Amino acid sequence: MNPPRVIPVLLLTDSGVVKSTRFKDRRYVGDPINALRVFNEKEVDEVVIVDIDAWKHRRGPNFERVAELAGECFMPLGYGGGVTTLDQIRTLFRCGVEKVLLNTALHSHPDLVSQAADIAGSQSIVACIDVKKNWLGRPRVCVSGGTIDTGLDPVEFAQQAESQGAGEIVLQSVDGDGTQGGYDLELIAKVTAAVNVPVVALGGAGNLTHMAAAVRAGAHAAAAGSFFVFHGKHRAVLITYPRIEEIRRTFAHG
Amino acid sequence: MADWIRTTPALEGQIMPGKRGYRVCTRCVMDTTMVEIDFDHDGVCNFCRGFDLNVTARQQTPEVCAHKLEAMIAQMKADGRGRDYDCVLGLSGGVDSSYLALKCKDWGVRPLVVQFDNGWNTELANHNIQSICEKLGFDLFTYVVDWPEFRDLQLSFLKAGVANVEAPSDHGIFACIYRTARQHRIGWLLSGVNNATEACCPVGPKTKEHFSYGYRYADLHHLRALHRRFGTVPLKTFPAMGLFERIWMERKHLKRCDPLNLMPYDKKAAIVELEQRIGWRRYGGKHFESVITRFHQSCILPRKFGLDKRRLHLSGLIWSGQLDRASAMRELEQPPCPAELVEQDRQFFMKKLGLGQAEYNAIMQAPAKTYGDYPNQNWLFNNLPRFTAAIRKILTPFRTGPAANPAKAKP
């Protein structure tokens, strides 16, 4: 049996790839083309690229750049960031993207998911849900790069996204982002119990054991950012990916 | 002559393989494609003589070297006591630096491993760096260049038509290592420089003015001048280090140690040991851990400048007795890289630098230039020993302490 997918997530800005901690403190990691090239040779299952500057400047995706990156990728590529219209989604697929991630649009353009699922099929429309704990410690869905708290419950939000036709859910913990201290397992368990579509855990992975724990909690696949780009206590930038035997072994034994 | 290089258009001032007047040294494989070469009546070149003069003549017995090395390691450990690291070690993932890291473990030295990520690292380099740091338990520090800025700097060198396209990387590497050492208060620098594989110290009057493989990367004035002329993105974060800062660092803060010169270093044996002990993986040629280096040595240098950098590397092995001349000549008959790989690298090179086919052709067909066509401070570098001697003479009366007068210090 194949082990669950292990997915690197690269955060793209105008100057290159960065990695944030709790959506803040961005650190420059390098140029996306070289990162993808290294991932190609490491035979990565799937890669997700999120343009985190797209929403801020109120612009759509930079299609030229996406096409260039998709051309460099040998594995399936998911794109997220600044997608608000059906036309943009169509163009993204033409650029060579396999999956489109929707985050802010889930809240601001609720019809977009169902329309997109109609034209492209559910399997390629992914709902990316950012969850941040509020001051009472209750998980709440937030949008626009974690800056706007919608006050919605992640479980209900995930069910709603599923009913609209999202074929997959990326469940991201804002509090875990960049900390490498482990996933929010409670949240993963709650959401996966409530929906039938695959859920990808994101935010907090520091090693493969964390990923195995997320899968035991119900996640279908595990995604991470820092885990693949940082190394050691100085958080030295080094793009790596575990070997397939290592992944197999860890997921088999936990 | 090697067929693969004969197709190169002849360059003015250089005598290309297959032409009249072409000549190869009778002892090593250096040839007249190098502008600074000159032969004695036996047909031995000035690179060979330089090696004899600077390396062989200064070579000490293995016992003395071993003793020296031991003393240096002891000093390094003593200086590092109470701190996190004993020394700083630049790691590229190549043989020399990787082997040095392995030896550090054997000696019990705790290095801070510094990597300069110029955006061209291959998966192999990353794999090697990762295995070294994980298996040997060393801490890694990476400096990542700001890609738009660095790309612009590299493009400036390409557009200028000078041979040392790698100068921005080399400059960045040493500046970054020096500054990291300073930041972490580390007093020692371990370097993988070694006479066995890369000694090149030709002698003679020409060698101060001609640099066929590339001009001094340390010349910041030259680097900035090229960038001013051909670049567009301002250099804000690039670790630029001027000559005086460098000298200050070397004199004041950083003691340098080249252990590979103080121990028997056999490259083939080193590779085998690395493979067995840390799962290190080898790659084709010297410095092929980076795509741009590979492409530079297998395409830009031969096709544009008529140079084959392997001559230098193979000659180094001949001088240190690790290779015979006949096998080196045989190896030079083959192209440095398979044609498919060169083409693949070319596509990547163009994509990564954002070059169109027309721009690429323009760069490759533009006449080859030398550092002398642009502002530089070669005179300063050439006269450095004289300047430092003069400054020392002026300062001596003002100095205090044992360093000023060693005779008085030891009664």
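This note covers two helix pairs and the nonpolar cores of a predicted model.

1. Local features need pLDDT of at least 70 and side-chain atom pairs pLDDT 80 or more, whereas totals for chains, interfaces and linings use all residues. Residues are numbered from 1 along each chain as its sequence is written, chains are lettered from A in the order written, and side-chain values use heavy atoms, without hydrogens or water.

2. In chain A, helix 8 (residues 208–216) packs on helix 10 (residues 244–253) at about 50 degrees, with the axes 9 Å apart. The pair is therefore oblique (neither under 35, over 145, nor 65 to 115 degrees). Contacts (heavy atoms within 4.5 Å) join A:L208, A:T209, A:M211, A:A212 and A:V215 of helix 8 to A:E246, A:I247, A:T250 and A:F251 of helix 10; by class, six of these residues are nonpolar, two polar and one charged.

3. In chain B, helix 7 (residues 167–183) and helix 10 (residues 243–253) pack at about 45 degrees, with their axes 11 Å apart. The residues in contact include B:F174 and B:R179 of helix 7 and B:E245 and B:M249 of helix 10, and the contact divides into three nonpolar, one polar and five charged residues.

4. The largest nonpolar core (buried nonpolar residues joined through side-chain atoms within 4.5 Å, buried being under 20% relative accessible area with a 1.4 Å probe) has 187 residues, and those with the most contacts inside it include A:Y183, A:M211 and B:F349. Beyond its neighbours within four places in sequence, A:Y183 is in contact with residues including A:I188, A:L202, A:H210 and A:M211. A second, separate core has 15 residues, among them A:V9 and A:L101.

Key: Axes fitted to C-alpha atoms, helices over the stretch in contact; angles between N-to-C directions. Helix = DSSP H or I, 4+ residues; strand = E, 2+ residues; numbered from the N terminus. Nonpolar A, V, L, I, M, F, W, Y, C, P; charged D, E, K, R; others polar. Buried < 20%, exposed > 50% of the residue type's maximum accessible area, 1.4 Å probe, protein only.
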